Each structure stands twice: as C-alpha cells, then as structure tokens.
Amino acid sequence: MSKPLKYLVIHCTATPEGREVSSAEIRHWHTAPVSKGGRGWRQVGYTDMVHPDGRVERLVKNNEDAQVDPWEVTNGAAGYNSVSRHVVYVGGLAVDGQTPKDTRTASQKEALKAYVLDFHRRFPKVKIIGHREVADKACPSFDVRKWLKEIGINQ
C-alpha cells in the first residue's frame, strides 16, 4: 500500500575522501547476506547516489510522484523508509576512514544542490533532512538545515 512521501533524507556513504563507490558495492553492502559481509536487507538503502564527479545515479526506480509505493521503499533510515526517499553522496569520512568530514566535491555540491532544489520544487511539503536528524549518526557529515538555508530553502 502506498504512503504519502514525507521526507527526503540526505546521506553519505561513510567512505574515505577521494574513494569512489560503485552501485554494485552499495548493493553488496546492503543486500548481501550477513555471512557474506552485507546487511541482509532486501533492498538497497538509497534511491539515488551522487558520485564525486557530480553524476547522479538512480539505484532504485520510482514513479516520481508524492507517494511511496512498496516497490520504491529503500532502507535508508529505520522507521522512516515507508514515507521517505533517500539520496546519498559518495564520501563523508576523512582519509583516515574514521573521522566524519564533509567531503563533498564542488561537483557533488552542485549536483546535490540541483537535485534538492528540483525535489523541493516538485514536492514543497516534503521535509528535507539529514540522516543524523533521525538516527544517532554523523551522516551525512554536514549540517543539512544550515545548507538548506544557504541554497534558499527555508522549511
């Protein structure tokens, strides 16, 4: 059963600065059995992924409406998935692989800005949040509320 879209949740892959991540890696991390190094989820955690070069890759198809259909649900934030879409940028950790850091490249910043502005234009009632606003995590390693104001979105 479809549910109204309420949130766009912004994430990071929690990978070191400068390291590219493929959609195949993300799928493995999320959907492979725990015994094979995955989380055992039935679906990947994000709808779209923003690569360091600014390319936006669709990971899970959706019909681009204001409803979340069961086949569109991604596993990005426990308790919010049935009413959310999730976008992730590649990065989020310093080179040490431990320390949270806003590692968005200039291309990622531009692509994420365009993505979020377009999303907000199409779905103005949907709240845009960082993963850390609904989970005890550093993700996405930057202050989404502050950034939204910087790009002209006041929610």
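The following paragraphs lead through the interior of this structure, one helix that borders it, and several buried and aromatic residues. The model is a predicted one.

The interior is a suitable starting point. In soluble globular proteins, nonpolar side chains tend to be buried together. Here the largest nonpolar core comprises 24 residues, and those with the most contacts inside it are L8, I10, L112, V116, I128, W147 and L148. Two or more residues each are given to this core by the strands β2 (7-12) and β7 (84-89) and by the helices α2 (106-122) and α3 (144-150). The largest share, 5 residues, comes from α2. Apart from this core lies another, of 9 residues, which includes I26, V60, V88 and V90.

Helix α2 merits a closer view. It has 17 residues and reaches 24 Å from its first C-alpha to its last, close to the 24 Å expected at 1.5 Å a residue. Its buried residues are Q108, A111, L112, Y115, V116 and F119. Seen down the axis of α2, these buried residues fall within an arc of 125 degrees, so they line one face of the helix. The general geometry of helices is relevant to such a pattern. An α-helix has 3.6 residues a turn, so residues three or four places apart point the same way. On the face of α2 turned away from the buried side are the exposed residues A106, E110 and R121. The buried residues of α2 pack against the strands β2, β4 (48-50), β5 (56-58), β7 and β9 (127-130), and also against the helix α3.

L112 illustrates this packing at the level of a single residue. Leaving aside neighbours within four places in sequence, L112 is in contact with I10, V50, V87, R104, F142 and W147. Two of these partners, F142 and W147, form one aromatic cluster together with Y89. Another partner of L112, R104, lies over the face of F142, at 3.6 Å from the ring centre.

The structure holds 4 aromatic pairs. In one of them, the rings of Y7 and Y80 have their centres 5.3 Å apart and their planes at 80 degrees; because this angle is over 60 degrees, the pair is edge-to-face. This pair links distant parts of the chain, with Y7 in strand β2 and Y80 in the loop between β6 (67-68) and β7, 73 residues apart. Y7 counts as partly exposed at 21% relative accessibility, and Y80 is partly exposed at 26%. The rings of F119 and F123 have their centres 5.0 Å apart and their planes at 55 degrees, so this pair is tilted. Both F119 and F123 are buried.

Buried residues also occur in loops. V83 is placed in the loop between β6 and β7, and at 12% relative accessibility V83 counts as buried, the cut-off being under 20%. Not counting residues up to four places away in sequence, V83 touches K3, P4, L5, K6, Y7 and V68. The C-alpha atoms of V83 and L112 are separated by 21 Å, although the two residues are 29 apart along the chain.

T47 lies in the loop between α1 (23-31) and β4. At 2% relative accessibility, T47 likewise counts as buried. Leaving aside neighbours within four places in sequence, T47 is in contact with E57, R58, L59, V60, N62, T74, R85 and H86. Among these partners, V60 is also one of the residues of the 9-residue core.

How values were computed. Residues are numbered from 1 along each chain as its sequence is written. This is a predicted model: local features need pLDDT of at least 70, side-chain atom pairs count only at pLDDT 80 or more; totals for chains, interfaces and linings use all residues. Side-chain values use heavy atoms; hydrogens and water are left out. A nonpolar core is a set of buried Ala, Val, Leu, Ile, Met, Phe, Trp, Tyr and Cys residues joined through side-chain atoms within 4.5 Å. Buried means under 20% relative accessible area, exposed over 50%, partly exposed in between (1.4 Å probe, protein chains only). Helices (H or I, at least four residues) and strands (E, at least two) are DSSP runs, numbered from the N terminus. Contact means heavy atoms within 4.5 Å. The expected span of a helix is 1.5 Å times one less than its number of residues. The arc is that of the directions from the helix axis to the C-beta atoms. Rings of Phe, Tyr and Trp (its six-membered ring) pair if their centres lie within 6.5 Å; planes under 30 degrees apart count as stacked, over 60 as edge-to-face and the rest as tilted. A charge sits over a ring if NZ of Lys or CZ of Arg is within 6 Å of the ring centre and within 35 degrees of the ring normal.
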